[in-house]
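I opened the notebook today with a short list of things to look up. Sheets come next to loops, cysteines and a helix or two, in the order I got to them.

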Amino acid sequence: MSERKQTLNVAMIGSGFMGDAHSYAFCQVSRFFKVPFDLHRKVICARDRVRLEATATRWGWEEVETDWRAVVSRPDIHVVDVAVPNALHAPIAIAVAQAGKIVLCEKPLAMSLEEAERMAEAARGVPNLVWFNYRRVPAVAFAKQLVDEGRLGRTFHYRAVYLNPSGTNSTKTKAWRYRRADAGSGASGDLLSHSIDLAIHLNGPITELVAMSHTFEPERDVDDATAFLARFANGSIGTLEASRFGVGHRNRNAFEINADGGMLRFNLEDMNRLEYYNAKDEPNVQGARNILVTGPNQPYAENFWKPGHPIGYEHTFIATLGDFLGALSRQEAFHPNFDDAVAVQRVLDAAERSAASRTWVAL
Ligand code: SOE
């Protein structure tokens, strides 16, 4: 008779795009990962009741609620996932942590570095996660493995871009992501935060940077594009850029590492592949291998489909949740967590100050 699993009643605050992606992960995680918990999609909460009920029906949430405080104060709720506009991350996540509950939060963690530090302080005593989901694209996890195995040796350059064309679409630009009061920033918090998290994860801390930001739409109060030059603690140099005016792309989250031992290159728009150039190959056969990262013997090959069968964007949320619940059951720290997100916020803060002063800023 299988051992009775501990029940985890989950609450989701938010019912938009991320509400769907996270709900999918809560539905599917036990089918792909050995989850030592019984996850219940207990209650979903948002302001717009009509949309809320549609999302609840679609993803099998048991109850709906329109007041997040009522959810956070419920004794039967163990996990609260915060997937609402950035301005609400701090008040909700801090209340969840102070109620002693497990707290999951979308990125960027906060509206400012000061707020992010307060959130991390509040969450110090509870298990916590920030949805930098691209760390768990198998091809990205494989890049991390190759870096950690020392296959690249000394890094010279880290180059990243995150390009989508959403800023050119006038209907989209009325959304909360385009208002400083709700989002805190534009392309930098929304897109560059992902690039910064991957840069720190794959190449270590950034020690100083010089940045520029630009807004193409005159009446908009957030950046449409931000780019910066960086120095890393490991001695490498980097360029990181994000734009919502990346016409010609859909969701190009890409990076390249040039190092002594070779090169690694990834692009989310071809997410099941990693390019690897081994500088130790014979010169006449040197070239970038285009590796299909679907197993065998590659990250998450045991969790998803047989080798050769590609996966999608939604699986990165399943892998994030699966690894989090695994770490939770073993009482181990999980990454990315609120402290990792503070490191990202520190870079965003430096970039904003550098762009304003047009000077290099040390971190
Ligand atoms: C922006 O359009 C967005 O949805 C980001 O907010 C997400 O974080 C990113 O994963 C996809 O693009």
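**Entry 1: a loop asparagine.** A reminder to myself first: this is a predicted model. I began at N164, which sits in the loop between β7 (155-163) and α7 (180-183). Is N164 buried or exposed? It is buried, because its relative accessible area is 10%, and the cut-off for buried is under 20%. I then looked for a partner and found that the side chain of N164 makes a polar contact with the side chain of S166, at 2.8 Å. Setting aside neighbours within four places in sequence, I listed what N164 touches: L191, S243, R244, F245, G246, H249, R250 and N251.

**Entry 2: helix α8.** One of those contacts, L191, made me look at α8, which covers residues 187-203. I found a bend of about 40° at S193. How many of the 17 residues of α8 are buried? The count is 16, so I noted the helix as mostly covered, with buried meaning under 20% relative accessible area. Right after α8 comes G204, and its phi is positive, near 90°.

**Entry 3: the nine-stranded sheet.** I traced an open sheet with mixed pairing, in the order β14-β13-β12-β11-β7-β10-β9-β8-β15. Its edge strands are β14 (289-292) and β15 (361-362), and each of these pairs on one side only. At the β14 end, I checked the pairing with β13 (residues 273-278): it is antiparallel, over four bridges. Which residue of β14 is the bridge partner of R273? I found L292 there.

**Entry 4: the six-stranded sheet.** Another open sheet has parallel pairing and runs β3-β2-β1-β4-β5-β6. Here β3 (63-65) and β6 (128-130) are the edge strands, each paired on one side only. On average, and ignoring direction, neighbouring strands in this sheet are turned by 20° against each other. I looked closer at β5 (residues 102-105), which is joined to β6 by three bridges and runs parallel to it. Within this pair, C105 stands opposite V130 of β6.

**Entry 5: helix α10.** I was pleased to meet α10 (residues 338-357) in connection with both sheets. It lies across β8 (206-214), β9 (225-232) and β15, at about 55° to β8. The helix α10 also lies across β5 and β6, and its angle to β6 is about 35°.

**Entry 6: a loop glycine.** Next I went to G14, in the loop between β1 (6-13) and α1 (17-32). I noted G14 as buried, at 4% relative accessibility. Which residues does G14 touch, apart from neighbours within four places in sequence? They are G19, I44, C45, A83 and V84. I also noted that the C-alpha atoms of G14 and V82 are 6.7 Å apart, although 68 residues separate them along the chain.

**Entry 7: cysteines.** C45, among the contacts of G14, sent me looking for disulfides. A search of the whole structure gave zero. Why is C27 unbonded? The closest cysteine sulfur, in C45, is 18 Å from that of C27, which is too far for a bond, because a disulfide needs the sulfurs within 2.5 Å. C45 is in no disulfide either, and the nearest cysteine sulfur to it, that of C105, is 14 Å away. I wrote down burial too: C27 counts as buried at 17% relative accessibility, and C45 is buried at 2%.

Key. Residues numbered from 1 in each chain as written. Predicted model: local features only at pLDDT ≥ 70, side-chain atom pairs only at ≥ 80, totals over all residues. Heavy atoms only, no water. Pairing = 2+ DSSP bridges. Helix = DSSP H or I, 4+ residues; strand = E, 2+ residues; numbered from the N terminus. Contact = heavy atoms within 4.5 Å. Axes fitted to C-alpha atoms, helices over the stretch in contact; angles between N-to-C directions. Buried < 20%, exposed > 50% of the residue type's maximum accessible area, 1.4 Å probe, protein only. Polar contact = N/O pair within 3.5 Å; in protein donor to acceptor, adjacent residues only side chain to side chain. Bend = angle between axes of the 7 residues up to and from the residue.
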